[in-house]
Amino acid sequence: MQQLLHRGAAMMQHREEALGASWDDLKLFLACAKYKSFRNAAEELGLTSTTLMRRIDRLEESIGCKLFLRDQSGLTLSDEGTAMIADVAHMERHAFNVFRRASRSSSDAAGTVRVAVTEGPGNFWILPRLIDFQKTYRKITVDLRCAMEQADVARLESDIAIQLEPPTNPDLIVAKLGRLHIYPFVSKEYENLYGVPATLAELKNHRIIKQSAPQVDDGAYARVLGLTSLEGIVGIKTNSSVGVLYAVERGAGIGFLPTVSIALGAPLVAVDLGVSHHADLWLTYHKEFRSSERHKIVVDWLKKIFDPRTYPCFRDEFIHPNALVPMMTAAREGFGLTGYVAATPA
């Protein structure tokens with residue numbers, strides 16, 4: 001008991017001394033705890049590992065205790081670090097709330113709304129529709145970030161995010177937008193030159209264009225195809241979904257793309273191997289933005305342009321790509337949109 005009291009008193013003293021600690025250093029402490037590695041945290045923060053280690057050393061010296069146990073496997077929170085992290089995370093949430101409230105301080109439908117989305121839906125679905133959106137809402141600037149790296153809405157990396165995994169943070173509002181159905185495609189040129197596999201067994205005679213990126217299940221390809229390995233089958237591997245579409249369209253091989261690709265007019269041929277895959281799209285934003293008029297406008301607009309009732313390609317049930325073309329053409333014309341523009345060689 002005496003030891004516990006002594007330790008508790010020591011922790012209180014450390015926390016009082018920590019009042020002089022830099023808030024920037026405390027944020028670095030959170031990043032190191034998240035990534036469990038100086039190198040990974042430094043890359044994310046845009047610092048050198050040496051600078052980050054020096055800043056953490058300074059923080060530990062200022063509060064009088066070690067926050068991490070360091071070994072070759074990485075960083076592990078010490079008992080003191082574990083006791084402190086909840087308080088620092090709480091401080092960070094309050095700091096972010098201050099900035100969020102400032103960003104929505106105007107009730108007028110004007111200002112910037114930052115939207116982060118995966119690359120394919122961002123470039124080929126949202127961006128063309130932004131042209132009509134900005135004609136109606138001239139005072140709203142949509143800052144669209146199209147990347148496979150998932151933006152952390154709770155940490156102010158974006159106001160709104162559309163991602164492939166639902167977040168678990170209770171401060172965030174989450175809604176399912178729809179479902180992307182992934183199907184194998186080739187170009188007409190590729191089909192004319194090499195034919196298409198009729199069975200999975202014939203796939204080994206062809207080449208796959210594979211996307212390898214954050215938010216993409218890297219093992220899904222082999223699992224869906226019932227193979228233990230894709231060695232010798234992958235011809236091109238890229239982190240870009242736009243790159244996959246371009247490579248497939250230019251006849252480089254078989255690519256797994258959302259069925260909406262062909263519905264938008266991409267000159268592709270569906271390869272019927274008896275396999276398909278799907279990924280749900282989740283829209284998320286912070287509760288603080290519920291009373292922001294411009295954020296509500298953008299959220300409602302995003303829900304509208306992904307509405308499965310209007311755009312069948314986003315329904316939960318799978319619809320063959322060939323059947324989608326006439327269904328999506330009618331919906332596209334009704335919405336006044338041009339959709340996909342085929343890539344051409346430079």
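At the start of α9, which backbone nitrogen does a side-chain oxygen of Ser 240 reach? Select Ser 240 and Val 242: the side-chain oxygen of Ser 240 comes to within 3.3 Å of the backbone nitrogen of Val 242. This is a predicted model, and the tour begins at this helix.

**Helix α9**

Select residues 241-249, which make up helix α9. Its buried residues are Ser 241, Val 244, Leu 245, Ala 247, Val 248 and Glu 249. Now show what covers them: the cover includes helix α6 (119-136) and the strands β6 (172-187), β7 (208-211), β8 (234-238), β9 (254-258) and β10 (268-270). Past the helix, pick Gly 251, which follows α9 and has a positive phi, near 85°.

**Glu 119, in helix α6**

Move to Glu 119, a residue of helix α6. Which side chain of opposite charge is nearest to Glu 119? It is Arg 145, 11 Å away, and Glu 119 is buried without a salt bridge. Display the surroundings of Glu 119 next. Leaving out residues up to four places away in sequence, Glu 119 touches Cys 146, Ala 147, Met 148, Asn 239, Ser 240, Ser 241 and Val 242. Ser 240 and Val 242 are the pair from the opening stop.

**A pair within α6**

Stay in helix α6 and select Asp 132 and Lys 135, whose side chains meet in a salt bridge with an N to O distance of 4.0 Å. The two are three residues apart in the helix, which separates them by about one helical turn. An α-helix has 3.6 residues a turn, so residues three or four places apart point the same way. Asp 132 is partly exposed, at 31% relative accessible area, while Lys 135 is exposed, at 55%.

**Two salt bridges that link separate elements**

The chain has 14 salt bridges in total. Side chains of opposite charge can pair when their charged atoms come close.

Select Asp 25 and Arg 55, which form a salt bridge with their closest N and O atoms 2.5 Å apart. Asp 25 belongs to helix α2 (residues 23-35) and Arg 55 to helix α4 (residues 49-63), so this bridge ties together parts that are 30 residues apart in sequence. Asp 25 has 3% relative accessibility and counts as buried; Arg 55, at 22%, counts as partly exposed.

Then select Asp 280 and Arg 179, another salt bridge, where the closest N and O atoms are 2.6 Å apart. Here the pair ties together parts 101 residues apart in sequence, because Asp 280 lies in strand β11 (residues 277-286) and Arg 179 in strand β6. Are these two buried or exposed? Asp 280 is buried, with a relative accessible area of 16%, and Arg 179 is buried at 15%.

For a network of salt bridges, select Asp 57, Glu 60, Lys 66 and Arg 70, which are linked in one.

**Where α3 meets α4**

Show helix α3 (residues 38-45) together with α4. How do their axes cross? They come within 9 Å and cross at roughly 105°, and the two helices are therefore roughly perpendicular to each other. To see the meeting surfaces, select Phe 38, Arg 39, Ala 41, Ala 42 and Leu 45 in α3, which meet Ser 49, Leu 52, Met 53 and Ile 56 in α4.

**Two threonines**

Select Thr 112, placed in strand β3 (residues 111-117). Thr 112 is partly exposed, with 38% relative accessible area. Measure from its C-alpha to that of Ile 140: the two are 5.8 Å apart in space and 28 residues apart in sequence. Apart from its neighbours within four places in sequence, Thr 112 contacts Thr 141, Asp 143, Asp 159, Arg 294 and His 295.

Now go to Thr 259, in the loop between β9 and α10 (260-263). At 1% relative accessibility, Thr 259 counts as buried. With neighbours within four places set aside, its contacts are His 181, Tyr 183, Phe 185, Cys 313, Phe 318, Pro 321 and Leu 324.

**The whole chain**

Zoom out to finish. The chain holds 12 helices and 11 strands. Of its 346 residues, 44% are buried. Among contacts between residues at least 6 apart in sequence, 76% join residues at least 24 apart.

Note on methods: Residues numbered from 1 in each chain as written. Predicted model: local features only at pLDDT ≥ 70, side-chain atom pairs only at ≥ 80, totals over all residues. Heavy atoms only, no water. Buried < 20%, exposed > 50% of the residue type's maximum accessible area, 1.4 Å probe, protein only. Helix = DSSP H or I, 4+ residues; strand = E, 2+ residues; numbered from the N terminus. Contact = heavy atoms within 4.5 Å. Polar contact = N/O pair within 3.5 Å; in protein donor to acceptor, adjacent residues only side chain to side chain. Lys, Arg positive; Asp, Glu negative; His and termini not counted. Axes fitted to C-alpha atoms, helices over the stretch in contact; angles between N-to-C directions. Parallel < 35°, antiparallel > 145°, perpendicular 65-115°, else oblique.
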